[in-house]
Amino acid sequence: MQMNITFRHIEPIDSLKNYAREKVERVNKYLDRATEATVVLSLERHLHHADIRIHSGTYLLRGREKSEDMYASIDLAMDKIERQLKRYKEKLKSHHGRERVHHNHDLVEQLRIRHQVFEATPEVDNEAQTKKVVKANELLVRPMAVEEALMQMDLMNNDFYVFTNSTSMEMNVVYRRKDGTVGLIEASAVQKKSLVAAE
């Protein structure tokens, strides 16, 4: 597995790098083929943040945690990932087989999603105000069923997931509601019809 470990606002320490690598490589006991892992360790407002992403086939697993100790943050982030892996272990293995068959089809019909988080600033002058991007993520998603999108949302530990519905081939969003249920937003293109005025 290829692994990239980045330090932000914190001194790169070999012992931390080795600890993160050792923890992330433990996913190999759950996955047939984890291809790439990205680990970002950062210090923000006196808290140690660990953001871990692991690519396995067409799936992305993600664990994010913060605490007063970087080693603890890495442990907590990986605990999240391992919990999801245990929950979806069999489904992930069965999807890997299907993915090899439809690999070329998926490459052609992927949707590029960009998610930006803006800094919350008091409203002073809407025209002059420029929004500062705090963080931005971009990922490619392939057509999938709603159940598969729900699984991917869980694997990423996100509250929402944007995807192309494999049945309608339209953009959909699944999201967690505050009451614990899950919502589905379905978008569809509307064809404009020319209206002819009756004389």
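How much accessible surface does the protein chain have, and what percentage of it belongs to carbon and sulfur atoms? In this predicted model, the accessible surface of the protein chain comes to about 13,000 Å², and 49% of that belongs to carbon and sulfur atoms. Of the 199 residues in the chain, buried residues make up 35%.

Begin with the whole chain coloured by secondary structure, where four helices and 10 strands can be picked out, following one another along the sequence in the pattern β-α-β-β-β-α-α-β-β-β-α-β-β-β. If contacts are considered between residues at least 6 apart in sequence, 47% of them join residues at least 24 apart.

Next, select Ile52 and Ile54, which are the residues with the most contacts inside the largest nonpolar core, a set of 29 residues. At least two residues of this core are supplied by each of strand 1 (2-8), helix 1 (14-24), strand 2 (36-44), strand 3 (47-56), strand 4 (59-67), helix 2 and helix 4 (146-155), and the largest share, eight residues, comes from helix 2. With isoleucine 54 still selected, display its surroundings: leaving aside residues up to four places away in sequence, isoleucine 54 touches Val24, Val27, Ala34, Glu36, Ala37, Tyr59, Leu60, Leu61, Met78 and Ile81. A second core, separate from the one just visited and made of 12 residues, can then be shown through members including Met144, Met153, Met156 and Val174.

Return to helix 2, which spans residues 70-101, and select glutamine 84 within it. Glutamine 84 has a relative accessible area of 11%, and because this is under the 20% cut-off, the residue counts as buried. Among residues further than four places away in sequence, glutamine 84 touches Asp154, Leu155 and Asn157.

The last stop concerns aromatic rings, for which the count comes to two pairs. Select tyrosine 19 and tyrosine 71, whose rings form an edge-to-face pair, 5.0 Å centre to centre with 75° between the planes. This pair links distant parts of the chain, since tyrosine 19 belongs to helix 1 and tyrosine 71 to helix 2, 52 residues apart. Tyrosine 19 counts as partly exposed at 23% relative accessibility, and tyrosine 71 likewise counts as partly exposed, at 29%. Then move to tyrosine 161 and phenylalanine 163, whose ring centres are 6.4 Å apart and whose planes lie at 10°, so the pair is stacked; both tyrosine 161 and phenylalanine 163 are buried.

Terms used
Residues numbered from 1 in each chain as written. Predicted model: local features only at pLDDT ≥ 70, side-chain atom pairs only at ≥ 80, totals over all residues. Heavy atoms only, no water. Buried < 20%, exposed > 50% of the residue type's maximum accessible area, 1.4 Å probe, protein only. Contact = heavy atoms within 4.5 Å. Core = buried A, V, L, I, M, F, W, Y, C linked by side-chain atoms within 4.5 Å. Areas by Shrake-Rupley, 256 points an atom, 1.4 Å probe, with all protein chains shown as cover. Phe/Tyr/Trp six-rings, centres within 6.5 Å; stacked < 30°, edge-to-face > 60°.
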